[in-house]
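Q: I have a sequence and a model on the screen. Can you take me through how to read the main features, step by step?

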Amino acid sequence: MADQDPIRDALTKAGTSLLRTLGIILLIIIVPIVLMAAAGMLFFALGVTIDH
């Protein structure tokens, strides 16, 4: 079954690139949300409000 090796190789490469792309998208989406949540918790913890 030597014919399946190139196909399996291509599928593996496609899968890793897809996972990498999904990971980057997740980072782009999740990191700002986490930062905003952390900033919000800090503001609440410090008692800083917008309308004084």
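**Reading the model**

A: Start with the inventory: the protein has one helix and zero strands. Keep in mind that the model is predicted.

Q: Where does helix 1 run, and what span should its residues have?

A: Helix 1 covers residues 4-46. A helix is expected to span 1.5 Å times one less than its number of residues. For the 43 residues of helix 1 that gives 63 Å, and the end C-alpha atoms lie 61 Å apart, so the two values agree.

Q: What follows helix 1?

A: Gly-47 comes after helix 1, and its phi is positive, near 75°.

Q: How much of the protein is buried?

A: A residue is called buried under 20% relative accessible area, exposed over 50%, and partly exposed in between. Here, buried residues account for 0% of the 52 residues. The accessible surface of the protein is about 4,900 Å², and carbon and sulfur atoms contribute 77% of that.

Q: Which residues form the nonpolar patch on the surface?

A: The patch includes Leu-18, Leu-19, Leu-22, Ile-24, Ile-25 and Leu-26. Also among its members are Ile-28, Ile-29, Ile-30, Ile-33, Val-34 and Met-36. Together these residues have about 1,200 Å² of accessible area. To join a patch, a residue needs over 30% relative accessible area. Take Ile-29 as a case: this residue lies in helix 1, and its relative accessibility of 45% is why Ile-29 counts as partly exposed.

Q: How many salt bridges does the structure hold?

A: The test is a side-chain nitrogen of Lys or Arg within 4 Å of a carboxyl oxygen of Asp or Glu. The structure holds two salt bridges. In one of them, the side chains of Arg-8 and Asp-5 meet at 3.5 Å, N to O. Asp-9 and Lys-13 also pair through their side chains, at 3.7 Å, N to O.

Q: How are the partners placed along helix 1?

A: Arg-8 and Asp-5 are both in helix 1, three residues apart, which is about one turn of the helix. Asp-9 and Lys-13 are four residues apart in helix 1, so about one helical turn separates them.

Q: Are the partners exposed or partly exposed?

A: Go through them by relative accessibility. Arg-8 has 48% and therefore counts as partly exposed. Asp-5, at 43%, is also partly exposed. Asp-9 is at 41% and so is partly exposed. Lys-13 has a relative accessible area of 56%, so Lys-13 is exposed.

Definitions and conventions: Residues numbered from 1 in each chain as written. Predicted model: local features only at pLDDT ≥ 70, side-chain atom pairs only at ≥ 80, totals over all residues. Heavy atoms only, no water. Patch = residues over 30% accessible without salt bridge, like charges linked within 9 Å, V, L, I, M, F, W, Y side chains within 5 Å. Areas by Shrake-Rupley, 256 points an atom, 1.4 Å probe, with all protein chains shown as cover. Helix = DSSP H or I, 4+ residues; strand = E, 2+ residues; numbered from the N terminus. Buried < 20%, exposed > 50% of the residue type's maximum accessible area, 1.4 Å probe, protein only.
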